[in-house]
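This report introduces a structure to a reader who has not met it before. The sequence and the model are shown first, and the description follows.

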Amino acid sequence: MSFLFWYFPLSNLIAFSIIGIDKRLAIQQKRRVSERSLLLTSAIGGTIGSGLAMLFFRHKTAKRSFLWKYFLIAILQIIIVYFYVIKSK
């Protein structure tokens with residue numbers, strides 16, 4: 001329990017930060033963070049942080065291919081939580 005207590009806030013903070021960094025790099029027209037890396041941070045537990053960052057920085061919100069992958073990850077995580085937390089009782 002202690003591990004998860006620190007893991008999820010930290011992974012969401014990292015995901016939020018990486019989206020912010022990518023937005024800044026996009027504005028400066030520099031080499032960007034790959035979409036694979038952005039989606040990976042969501043997949044390993046930073047879904048909430050990534051979602052909030054996309055809204056806060058207004059970044060990647062118009063790119064449908066990215067949003068489809070992001071929402072697919074979010075839905076899969078909801079299903080996993082449902083089966084492991086709710087169904088295990």
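How are α1 and α2 oriented to each other? In this predicted model, the two helices pack at an angle of about 55°, with their axes 7 Å apart. α1 and α2 are therefore oblique to each other. Two packed helices are described by the angle between their axes and the distance between the axes. The crossing in which α1 passes α2 is right-handed. The residues of this contact comprise 14 nonpolar, nine polar and two charged.

**Helix α1**

Helix α1 covers residues 2–27, and its 26 residues reach 38 Å from the first C-alpha to the last, close to the 38 Å expected at 1.5 Å a residue. Its buried residues are Ser 11, Asn 12, Ala 15, Ile 19, Gly 20, Asp 22 and Leu 25. These buried residues pack against α2, which spans residues 35–57.

**The loop between α1 and α2**

After α1 comes Gln 29, with a positive phi near 55°. Gln 29 has this positive phi although it is not a glycine. Its place is in the loop between α1 and α2. Is Gln 29 buried or exposed? With a relative accessibility of 73%, Gln 29 counts as exposed.

Arg 32 is found in the same loop, between α1 and α2. A relative accessibility of 37% means that Arg 32 counts as partly exposed, because that class lies between the limits of 20% and 50%. Leaving aside neighbours within four places in sequence, Arg 32 is in contact with Asp 22, Leu 25, Ala 26, His 59 and Lys 60. Of these partners, Asp 22 and Leu 25 are among the buried residues of α1. The C-alpha atom of Arg 32 is separated by 20 Å from that of Asn 12, and the two residues are 20 residues apart along the chain.

**The loop between α2 and α3**

Arg 58 is found in the loop between α2 and α3. Arg 58 is not a glycine, yet its phi is positive, at about 50°. Its relative accessible area is 69%, and Arg 58 is exposed.

The accessibility of the three loop residues is listed below.

| Residue | Relative accessibility | Class |
|---|---|---|
| Gln 29 | 73% | exposed |
| Arg 32 | 37% | partly exposed |
| Arg 58 | 69% | exposed |

**Helix α3 and its packing**

Helix α3 is formed by residues 64–86, 23 residues in number, which at 1.5 Å a residue should span 33 Å; its end C-alpha atoms are 31 Å apart, which agrees. Phe 66, Leu 67, Tyr 70, Ile 73 and Ala 74 are buried in α3. The buried residues of α3 pack against α2. Thus α2 receives the buried residues of α1 as well as those of α3.

How do the axes of α2 and α3 cross? They come within 10 Å and cross at roughly 80°. That makes α2 roughly perpendicular to α3, because angles of 65 to 115 degrees fall in that class. On the α2 side, the contact is made by Glu 35, Leu 38, Leu 39, Ser 42, Ala 43, Gly 45, Thr 47, Ser 50, Gly 51 and Met 54. On the α3 side, the contact is made by Phe 66, Leu 67, Lys 69, Tyr 70, Ile 73, Ala 74 and Gln 77. The residues of the contact of α2 with α3 divide into nine nonpolar, six polar and two charged.

Notes: Residues are numbered from 1 along each chain as its sequence is written. This is a predicted model: local features need pLDDT of at least 70, side-chain atom pairs count only at pLDDT 80 or more; totals for chains, interfaces and linings use all residues. Side-chain values use heavy atoms; hydrogens and water are left out. Helices (H or I, at least four residues) and strands (E, at least two) are DSSP runs, numbered from the N terminus. The expected span of a helix is 1.5 Å times one less than its number of residues. Buried means under 20% relative accessible area, exposed over 50%, partly exposed in between (1.4 Å probe, protein chains only). Contact means heavy atoms within 4.5 Å. Axes are lines fitted to C-alpha atoms, for helices over the stretch in contact, and angles run from 0 to 180 degrees between N-to-C directions. Angles under 35 degrees count as roughly parallel, over 145 as roughly antiparallel, 65 to 115 as roughly perpendicular and the rest as oblique. A crossing is left-handed if the near helix is turned anticlockwise from the far one by less than a right angle, and right-handed if clockwise. Ala, Val, Leu, Ile, Met, Phe, Trp, Tyr, Cys and Pro count as nonpolar, Asp, Glu, Lys and Arg as charged, and the others, Gly among them, as polar.
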